[in-house]
Amino acid sequence: MKQSLILIFVFTGIVQSAVAGEDAAFFETKIRPVLVKQCYECHSVESGKSKGGLTLDTKQGIRSGGDTGPAVVPGDATKSLLFAAIKHSDPDLEMPPKKARLSDAVIADFETWIKTGAADPRESALKTAERPPVDVESGRKFWSYQKPKQVTGTIDGFIRAKLKEHGLEPAPAAEPVVVLRRLYLDLIGLPPTPEQAAEFSMEKLEATVDDLLRSPRFGERWGRHWLDVARYAESNGRESNLTFPHAWRYRDYVIDAVNADVPFDRFITEQIAGDLLPAQGAAERARLLIATSFLALGAKGLNEMNPAQFAADVADEQLDTVTRAVLASSVACARCHDHKTEPFRMEDYYALAGIFKSTQTFYGNWIDSENNNHGHLIHLPELPGQMIPNRPVTADRVKQLKNDLAKLNAEEIAQKVYIAKAKVEGRDISGEFHKILTTAIRILWTRGGIEGQLETVDDQGHALPLCMGVQDAKRIQDSQLYDRGEIAHPVKPVPRGFPVVMGINAALPKVQSGRLELAQWLVSRENPLTARVMANRVWRHLFGAGILRTVDNFGFSGERPSHPELLDHLALRLMDGGWSVKKLIKEIVMSETYRQASTHRRAAFNQDPDNRLLWRANRRRLDAEVIRDSMLAVAGVLDTSRRPGSLVAELDGQSVSLIGFNTKLPSDLDGSKRRSIYLPVLRDHLPDVLEQFDMANPNLVTGDRDVTNVPLQALYLLNGPFVQEQAAALAKRIQSSPNPVQAAFQICFNRMPDAKEAALAEKFFRTRSTDDLKLLLAFCQSLLASAEFRMAD
């Protein structure tokens, strides 16, 4: 569909995606566990207590509040009594009572939750009391926990049968250039050149698809989809937002694996248990170790003082990521209680938790004023031409660091001996407490810094290749089941294993964590979810919505698939095709359903306004990365080479809070002309263009990005230096063309301007007396800012 040229435009801010899965996930992971642990004992239907008339275990209870008013006022933390209580801002209203104030990080989470609308998926207490929890037997009868069923048919056959059932017809085929543009943007995230568009015909469709799937650009486009799911980031986030200088290795691993079409079952196995797989040679061993970075990338409570609590929280984050990413299931919600809406028991949670508690995580932050938990790194095999961003030092420096470390260890031993001797002699050293504590902290921080430096070099000071990742812990253990998830209240040990609703049993080795068996269980043909979930993710990226729209939730609380037989068909095709994602993509994009036009028809729209039956192609706003990369491409300045390492790797592991003071860095972190996948992904500090156009939140597993249309996007397109620079480059590119207007349309939209657009452009140039290049720049910027440029038709 052609769009009229707009030279003066205004965007109306309308958020198109309402409170969605991210908000519910934030509540379940950040808010509900605190309420359960700190509040339910005195304020819940389950406990039978409602002090002050307040219950906090339901949405209705927390909104209506108790005797003093609403506990939570969505959108306004200052009027929310619960927020005032946990801040201890009112001495007469302090929660939890007779306990220390909650941490700043927890308070900040509550403030964020309230300000963003206080999303709360819980049911009323009455319903919860009347309806028993979802049990295993009912879970096994649910559609997503049953194995996919073979139904003979094709993609087009399933779609057209459903359309016919509702008295609808599919749209006619889109014009060839529209199909070509759609393919390029979907498969490699870049628009076709005018020359590629001129050479294309529908007879060349299959050859074009094959070329795009073979392109190195494919891995950069589809690798980014998986990085969304893997919550990829190069910093920790939270209150201690320290950088992860070695995270880029995982980014490159994903791109290479996607380009090589590593079978999806192997791809998952490598990321969960690569360190436990056999390897043929040093290069493969390095690749498999890097793959396990998947489990190490999550945000961590680095300020946590209790090592046991820190370990439990890390295991929880890994468990949550794996089950959401691979199974689209929220098993982690069973940490404090049996899941209220899914067939997962606390025993299921702690059976999985034992696997991750038997795993050591390497993330590379040493102890200092912002970090109480040393992470270490994994030493990779050394390979020719290997990128090593950390700096070498002299052998003398290594010797000095080792001597300093020995002195610190001796000083610590002497201090411990002094304290022990005083205790034996009955001497009171309380007056020396401050001095002793200060010394202990100094030793701890200094040792952390020294050990961190020694970890990056060998004895001669040569820089070592390192990566984030996981390996089996020295101690393999089953996890305790903790009452209400509280680490101080163990109930019973739970043998390591898998959720019983799947009906798959496997004996886990006593001498290994069980991660390899977990990975093998996840990708087993007996597992009903994994292939379905991945097939649905692929469909979502090609059509704008999944067959099941809640792509990260295949449970009772998720939606139901619009075409369940088609989803099963695609899942089986994925497995039968050797788990080849490229084969699955090709089958989908070669279908007539994918090649439909996006033509609007009022009668069909009135019957199916969300286009769930696919009576036409969905018009889709491009991802942030595709918008930026397309601007660089049409401007003729895109650098398609891979960035060695990452900008973050050059920042020496500093805190993200300090990056804003680094005058050597562009303010928007966007000085590169390389593809957007190589831009730094810092939690809470994303490059401007990625943040403005709805990049996935790197704190969460995200299979379905939000798509918004808000005023800040318009302001960025009008005033952003990056956009203006690309408009200027495009203007220079077409300046010498016989017809610059036609050239610009061919480059940006792969079409000629229609009569109305040509007349409007001619009038714009004719009626203004100013520098021709400035006029051309304004014209080019209007094209880059247009809806047509940001949409896939």
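Here are a few friendly notes on one helix pair, one pocket and two cavities in this predicted model.

1. **Helix 8 against helix 10.** A good place to start is the pair formed by helix 8 (residues 176-187) and helix 10 (residues 205-214), whose axes come within 10 Å and cross at roughly 20 degrees. Angles under 35 degrees count as roughly parallel, and helix 8 and helix 10 are therefore roughly parallel to each other. The crossing of helix 8 past helix 10 is right-handed.

2. **What the two helices bring to the contact.** From helix 8 come Val179, Leu180, Leu183, Tyr184 and Leu187, and they meet Leu205, Thr208, Val209, Leu212 and Leu213 of helix 10. By class, this contact has 9 nonpolar residues, 1 polar residue and no charged ones.

3. **The second largest pocket.** Next, have a look at the second largest pocket, with a volume of about 950 Å³. Its lining counts 45 residues, and Pro307, Ala308, Phe310, Ala311 and Asn373 are the closest to the pocket centre. Elements that give two or more residues to this lining include helix 15 (307-327), helix 17 (395-425) and strand 7 (479-482). Helix 18 provides the largest share, 8 residues. The lining of this pocket is mixed in class, with 21 nonpolar, 15 polar and 9 charged residues.

4. **The largest cavity.** The structure holds 8 cavities of 30 Å³ or more, and the largest cavity has a volume of about 240 Å³. Of the 18 residues that line the largest cavity, Trp222, Trp226, Val258, Met534 and Val581 lie nearest its centre. Two or more lining residues come from each of helix 11 (216-229), helix 12 (248-259), helix 13 (264-273), helix 20 (530-543) and helix 22 (581-589). Helix 11 has the largest share, 5 residues. The lining of the largest cavity divides into 12 nonpolar, 3 polar and 3 charged residues.

5. **The second largest cavity.** Which helix gives the most to the lining of the second largest cavity? That is helix 11, with 4 residues. This cavity holds about 90 Å³ of space, and the elements giving two or more residues to its lining are helix 11 and helix 24 (624-635). Among the residues that line the second largest cavity are Glu220, Arg221, Arg224, Asp623, Asp629 and Arg705. By class, the lining has 8 charged, 2 polar and 2 nonpolar residues.

6. **A link to follow on screen.** Helix 11 is worth displaying when you view both cavities: it gives 5 residues to the lining of the largest cavity and 4 residues to that of the second largest cavity.

How values were computed: Residues are numbered from 1 along each chain as its sequence is written. This is a predicted model: local features need pLDDT of at least 70, side-chain atom pairs count only at pLDDT 80 or more; totals for chains, interfaces and linings use all residues. Side-chain values use heavy atoms; hydrogens and water are left out. Axes are lines fitted to C-alpha atoms, for helices over the stretch in contact, and angles run from 0 to 180 degrees between N-to-C directions. Angles under 35 degrees count as roughly parallel, over 145 as roughly antiparallel, 65 to 115 as roughly perpendicular and the rest as oblique. A crossing is left-handed if the near helix is turned anticlockwise from the far one by less than a right angle, and right-handed if clockwise. Contact means heavy atoms within 4.5 Å. Ala, Val, Leu, Ile, Met, Phe, Trp, Tyr, Cys and Pro count as nonpolar, Asp, Glu, Lys and Arg as charged, and the others, Gly among them, as polar. On a 1 Å grid over the protein atoms alone, a cavity is a set of points where a 1.4 Å probe fits but cannot get out, and a pocket is an open set with protein on both sides within 12 Å along at least five of seven lines; lining residues have an atom within 4 Å of a point. Grid points are joined across faces, edges and corners, and a volume is the space filled by probe spheres set on the points.
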